[in-house]
Amino acid sequence: MMLEQILVLSAYLFSIGIYGLITSRNIVRALMCLELILNAVNINLVTFSDLFDNRELKGDIFSLFVMAIAAAEAAIGLAILSLIHRNRKSTRINQSNLLNK
């Protein structure tokens, strides 16, 4: 693929993630949109690493760290979500006011 096509794909993924994160009312959907944003960043990291830094794999290694952080974020986010659902019986963002007891 050409550089422009990869960057357009990454921009589409990032835009869909931002739009979904802003408009979603469900915590699970917000977490999935956050994962889309991180995947768009990973595509850019790998692409620019391949383009500018052929011999040293700095972008590839950094994208592995981003994937590890995304996996930890998903695990912790889903654990928090299950606790909120257990206590509040809802996964909607506007109904999960934890400061109000």
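Let's start with one residue. Valine 41 sits in helix α2. Is valine 41 buried or exposed, or something in between? It is partly exposed, because its relative accessible area is 34%, and that label covers values between 20% and 50%. Keep valine 41 in mind; we come back to it.

A word of caution before going on. This is a predicted model.

Now the whole chain. It has three helices and zero strands. From the N terminus, the order reads α-α-α. There are 101 residues, and 24% of them are buried. The accessible surface of the chain is about 7400 Å². Carbon and sulfur atoms account for 67% of that surface. What about contacts across the sequence? Take the contacts between residues at least 6 apart in sequence: 53% of these join residues at least 24 apart.

Next, helix α1. It covers residues 3-23, which makes 21 residues. How far apart should its ends be? At 1.5 Å a residue, the expected span is 30 Å. The C-alpha atoms at the two ends are 30 Å apart, so the model agrees with the expectation.

Which residues of α1 are buried? Ile6, Ser10, Gly17 and Gly20. They cover an arc of only 100° around the axis, so they lie on the same side of α1. And what do they pack against? The buried residues of α1 pack against α2, residues 27-52.

Turn the helix around. The face of α1 pointing away from the buried side carries exposed residues: Glu4, Tyr12, Tyr19 and Ile22.

Pick one of those, tyrosine 19. It lies in helix α1. Tyrosine 19 counts as exposed because its relative accessible area is 59%, and the cut-off is over 50%. Now compare positions with alanine 30. Tyrosine 19 and alanine 30 are eleven residues apart along the chain. Their C-alpha atoms are separated by 9.9 Å.

Last item, and back to valine 41. Look at the surface of the model. Phe14, Ile18, Ile22 and Val41 form a nonpolar patch there. Together these four residues have about 340 Å² of accessible area. Which helix gives the most to the patch? That is α1, with three residues. Val41 comes from α2. Ile22 appears in two places in this talk: on the exposed face of α1, and in the nonpolar patch.

To recap α1: the buried side packs against α2, and the face turned away carries exposed residues, Tyr19 among them. That's my talk. Thanks.

Notes. Residues numbered from 1 in each chain as written. Predicted model: local features only at pLDDT ≥ 70, side-chain atom pairs only at ≥ 80, totals over all residues. Heavy atoms only, no water. Helix = DSSP H or I, 4+ residues; strand = E, 2+ residues; numbered from the N terminus. Expected span 1.5 Å × (residues − 1). Buried < 20%, exposed > 50% of the residue type's maximum accessible area, 1.4 Å probe, protein only. Arc of directions from axis to C-beta. Contact = heavy atoms within 4.5 Å. Areas by Shrake-Rupley, 256 points an atom, 1.4 Å probe, with all protein chains shown as cover. Patch = residues over 30% accessible without salt bridge, like charges linked within 9 Å, V, L, I, M, F, W, Y side chains within 5 Å. Salt bridge = Lys/Arg side-chain N within 4 Å of Asp/Glu carboxyl O.
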